[in-house]
Amino acid sequence: MQYVIRLTNLTKRYGAETALDDVSFEVPPGVVFALLGENGAGKTTSIRIMLGLTEPDSGQVEVLGMDSCTQGLEIRQRVGYVPERPTLYDWMTVAEIGWFTAGFYGDGYESRYRQFAQEFKLPLSRRLKALSKGMRAKVALSLAMAHEPQLLILDEPTSGLDTLVRRDFLESMVDLAASGQTVLLSSHQIGEVERVADIVAIVRDGHLLLVEPLDQLKADVRQLTITLADGATRPPILSAELLRERRHGRQWQLLVGGSADGEVDRLRADPNVSSLEVHAPSLEEILPIWKRPTRRPAKPAPPHHRPRRQRSDEYPRLNER
């Protein structure tokens with residue numbers, strides 16, 4: 001299978017509000033794919049359509065080769081899904097909800113659920129209503145993973161979790177992808193996602209702004225901090241793409257895309273430049289570049305296992321925008 005999820009020209013409106021506007025992207029197998037955007041950007045709507053819980057106004061969604069509009073039940077049976085606010089039967093114990101859910105799946109589900117519960121150090125005899133928010137999130141994740149899904153969809157999964165729990169949780173997603181499973185992670189926590197994602201998709205106000213491997217995205221941007229010599233009023237003109245500039249007195253901070261490495265030696269030798277610092281920006285520093293949606297269709301990654309930290313010309317490059 002060359003892709004696990006495919007969205008084609010997906011549009012969804014709620015009255016006069018457009019939740020998704022002509023969104024297209026593909027998710028290859030064996031990766032952590034991060035769907036990034038602020039609250040209300042369209043992330044949860046996308047997920048609900050993928051799972052067949054909401055119908056689009058136009059466009060098509062395929063998950064594991066199935067049409068989400070006509071095969072939603074089959075998709076939900078094969079996908080592990082953890083919503084931002086999992087619905088759990090609070091009167092059940094941790095063990096009882098695993099036994100209950102096992103009735104919807106095949107043999108081995110309950111034993112695998114108990115194994116996850118043990119790894120997460122969940123008290124099997126405790127009622128769900130007595131659990132902390134972090135423990136409830138671990139119960140939901142155990143339920144979602146116990147049937148060994150090819151695809152795990154997580155909607156703001158670390159919301160409300162403490163720092164250590166969030167870190168362990170996200171690192172476990174990397175382990176899943178390394179074993180060949182695919183993880184779609186929807187979040188507005190950019191710093192956390194940066195640590196684990198292979199590919200990032202950015203959505204804003206229902207528009208898809210970018211789909212690109214994370215390392216490629218970061219490699220295509222450099223932050224140059226230039227201190228001008230006395231008498232100079234502006235930095236030298238760059239041949240690289242200027243994405244953003246800021247000024248503080250004689251100091252200029254430039255965010256440039258494309259091949260910035262060739263500019264460095266020239267800038268250091270320029271008599272109008274007193275000093276130059278080169279910094280690889282974080283994803284959180286890069287994201288504000290995309291202020292407006294692009295109509296350019298996002299392209300898929302090439303099909304291969306776990307394309308972690310590899311470049312790919314199959315994606316729209318930053319300097320091609």
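Which residue forms a salt bridge with Arg-114? In this predicted model, the partner of Arg-114 is Glu-110, and the closest N and O atoms of the two are 3.8 Å apart. Both residues belong to helix α4, which covers residues 109-119. They are four residues apart in that helix, or about one turn. Arg-114 has a relative accessible area of 36% and is therefore partly exposed, since this class lies between 20% and 50%. Glu-110 is also partly exposed, with a value of 26%. Side chains of opposite charge can pair when their charged atoms come close. The count of salt bridges in the model comes to seven.

Two further salt bridges involve the loop between β11 and β12. Arg-250 and Asp-230 meet through their side chains, with an N to O distance of 3.5 Å. This pair links distant parts of the chain, the two residues being 20 residues apart. Arg-250 is in the loop between β12 (241-248) and β13 (251-257), whereas Asp-230 is in the loop between β11 (221-228) and β12. Arg-250 is partly exposed at 43% relative accessible area. Asp-230 has a relative accessible area of 69%, so this residue counts as exposed, the limit being over 50%.

A salt bridge also joins Arg-234 to Glu-245, with the closest N and O atoms 3.3 Å apart. Here, too, distant parts of the chain are linked: Arg-234 lies in the loop between β11 and β12, Glu-245 lies in strand β12, and the two are 11 residues apart. Both ends of this salt bridge are partly exposed, Arg-234 with a relative accessible area of 47% and Glu-245 with 35%.

The strands are considered next. Strands of a sheet pair through backbone hydrogen bonds, either parallel or antiparallel. One open sheet has six strands in the order β6-β7-β8-β3-β9-β10, and its pairing is mixed. At its edges stand β6 (79-82) and β10 (207-213). Each of these two has a single partner strand, so one side of each has no neighbour in the sheet. From one strand to the next, the twist averages 15°.

Strand β9 (residues 199-204) illustrates the mixed pairing of this sheet. With β3, strand β9 pairs in the parallel sense over four bridges. In this pairing, Leu-35 has Ala-201 of β9 as its bridge partner. With β10, strand β9 runs antiparallel, and six bridges join the two. Val-200 has Glu-212 in β10 as its bridge partner, and Ile-202 is matched in the same way with Leu-210 in β10. The strands β9 and β10 form a hairpin with two residues between them. In the turn of this hairpin, Asp-205 has a positive phi of about 55°. Strand β9 is mostly covered, as five of its six residues are buried.

Two helices lie across strands of the six-stranded sheet. Helix α1 (residues 43-50) lies across β3 (32-36), β6, β7 (151-155), β8 (182-187) and β9. The direction of α1 is at about 145° to β8. Helix α5 (residues 133-145) lies across β6 and β7, and runs at about 170° to β6.

A second open sheet consists of four strands in the order β2-β1-β4-β5, with antiparallel pairing. Its edge strands are β2 (17-27) and β5 (66-67), each of which pairs on one side only. Seven bridges join β1 (residues 5-14) to β2, and these two strands run antiparallel. Within this part of the model, Leu-10 stands opposite Val-23 in β2. Helix α1 lies across strands here as well, namely β1, β2 and β4 (58-63), and runs at about 115° to β1. Helix α1 thus lies across strands of the six-stranded sheet and of the four-stranded sheet.

On the surface, a nonpolar patch of about 650 Å² is made by Tyr-89, Trp-91, Trp-99, Phe-100 and Phe-104. One of these residues, Trp-99, is located in helix α3 (residues 94-102). Trp-99 has a relative accessible area of 59% and is therefore exposed.

Terms used
Residues are numbered from 1 along each chain as its sequence is written. This is a predicted model: local features need pLDDT of at least 70, side-chain atom pairs count only at pLDDT 80 or more; totals for chains, interfaces and linings use all residues. Side-chain values use heavy atoms; hydrogens and water are left out. Patches are made of residues with over 30% relative accessible area and no salt bridge: like charges are joined within 9 Å, nonpolar side chains (Val, Leu, Ile, Met, Phe, Trp, Tyr) within 5 Å. Accessible areas come from the Shrake-Rupley method with a 1.4 Å probe; for residues, only the protein chains shown count as cover. A salt bridge is a side-chain nitrogen of Lys or Arg within 4 Å of a carboxyl oxygen of Asp or Glu. Buried means under 20% relative accessible area, exposed over 50%, partly exposed in between (1.4 Å probe, protein chains only). Two strands pair if DSSP finds at least two bridges between them. Axes are lines fitted to C-alpha atoms, for helices over the stretch in contact, and angles run from 0 to 180 degrees between N-to-C directions. Contact means heavy atoms within 4.5 Å.
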